[in-house]
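Work through the short exercises below. Try each task before reading its solution.

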Amino acid sequence: MTHKIWDVIIVGGGPAGRSAAVVLARCNRTVLIIDEGQQRNSRSQGIHAFITRDSMLPAEFLQASDEELLKYDVQFRHARVITARSLEDKGFQLTDNKRGHHVCRRILLATGVTDVIPDIPGMQELWGCSVFHCPFCDGWEAKHKSIGVYSNSTNGYGMALTLRRLTGTVTLFTDGARYLSPRQRADLAANRIAVISKRIERLEYEGFTLKQVILKHGEAIDCDVLFVNEGHTVNSDLLQQLNCDCTRKGAAVTNRKQQTNIAGVYVAGDASYDMHMVVVAAAEGTKAGVAIHNDLQKVDNVMD
């Protein structure tokens, strides 16, 4: 059975993947986006720090990008890619969870990351509504509110100071961890940032609005918004299958053109080793799109 050979298959339909797609389509490349529809920011109340797109809902961003991409006949498939392998003729074959088999000349992985959400009642329910992970993306909307910082496995010192610029009330919850140095404790105290090391039992909330952080022994701390500093895991299964070099934390190592160490494999967005912001992911996707076209151009000696 023969399969259509796509110029490029993009795995992941977030800002990185879609930005790459429009660049490639405008170069008259055949492009397939395979996306599971599990974008990291799907529950966000708005995209921020992206000029001209401030406060746009993620769903609105995707809809607007879909309308643009349809002009260029970019194809979409709603599925999750589960395997990827190199072919002897220097192409690639991908299979998805709907028994689809796809062949392409180049791959762009824009598979992103998955945030680590603490296993505390209320965290999952409020994620993206009153509980956030990025002060640069969602901090401004918490201005003048009572802000909490949850940081147990990593040091929350820096995030707490960043958020202190937005409000006079910041509380750092370490949930039993005692990692702060004497100097850091002194800096936090000088900035009137309270540090609570007691264990947390749950988050108290109404609807999707955080009200209090409840400690193990019943003490309640008023809190309007909570920022979680527990990191993330890279969605790196396909990177590993294709033998791409990665950092110790699983992020793809790429050059300035978003190329990996494997010829024909590119990575853009949060799965690459760079800052995690929508505007950065979109920029990386654009860079990757140009690089992939130029890469293909080297072997396209004859055009129809």
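Three exercises on this predicted model follow, each with a worked solution.

**Exercise 1. Classify Thr 171 as buried or exposed, and find its contacts.**

Solution.
1. Locate the residue. Thr 171 sits in strand E10, which covers residues 169–173.
2. Apply the cut-off. Buried means under 20% relative accessible area. Thr 171 has 8% relative accessibility, so it counts as buried.
3. List the contacts, skipping neighbours within four places in sequence. Thr 171 touches Ile 147, Gly 148, Val 149, Ala 194 and Ile 196.

**Exercise 2. Describe helix H5: which residues are buried, and what covers them?**

Solution.
1. Set the limits. H5 runs over residues 157–164 and contains Gly 158.
2. Pick out the buried residues. They are Tyr 157, Met 159, Ala 160, Leu 163 and Arg 164.
3. Treat Gly 158 separately. Its relative accessible area is 38%, so Gly 158 is partly exposed.
4. Recall helix geometry. An α-helix has 3.6 residues a turn, so residues three or four places apart point the same way.
5. Name the cover. The buried residues of H5 are covered by elements including helices H4 (135–138) and H6 (182–190). Strands E9 (146–150), E10, E11 (193–196) and E15 (225–228) are also among them.
6. Add a distance. The C-alpha atoms of Gly 158 and Phe 227 are 12 Å apart, with their positions 69 residues apart along the chain.

**Exercise 3. Place Lys 257 and find the surface patch it belongs to.**

Solution.
1. Find the loop. Lys 257 lies between helix H7 (237–241) and strand E17 (265–267).
2. Check exposure. With 41% relative accessibility, Lys 257 counts as partly exposed.
3. Identify the patch. Lys 257 gathers with Arg 256, Lys 287 and Lys 298 in a surface patch of positive charge.

Conventions: Residues numbered from 1 in each chain as written. Predicted model: local features only at pLDDT ≥ 70, side-chain atom pairs only at ≥ 80, totals over all residues. Heavy atoms only, no water. Patch = residues over 30% accessible without salt bridge, like charges linked within 9 Å, V, L, I, M, F, W, Y side chains within 5 Å. Areas by Shrake-Rupley, 256 points an atom, 1.4 Å probe, with all protein chains shown as cover. Salt bridge = Lys/Arg side-chain N within 4 Å of Asp/Glu carboxyl O. Lys, Arg positive; Asp, Glu negative; His and termini not counted. Charge placed at Lys NZ, Arg CZ, Asp CG, Glu CD. Helix = DSSP H or I, 4+ residues; strand = E, 2+ residues; numbered from the N terminus. Buried < 20%, exposed > 50% of the residue type's maximum accessible area, 1.4 Å probe, protein only. Contact = heavy atoms within 4.5 Å.
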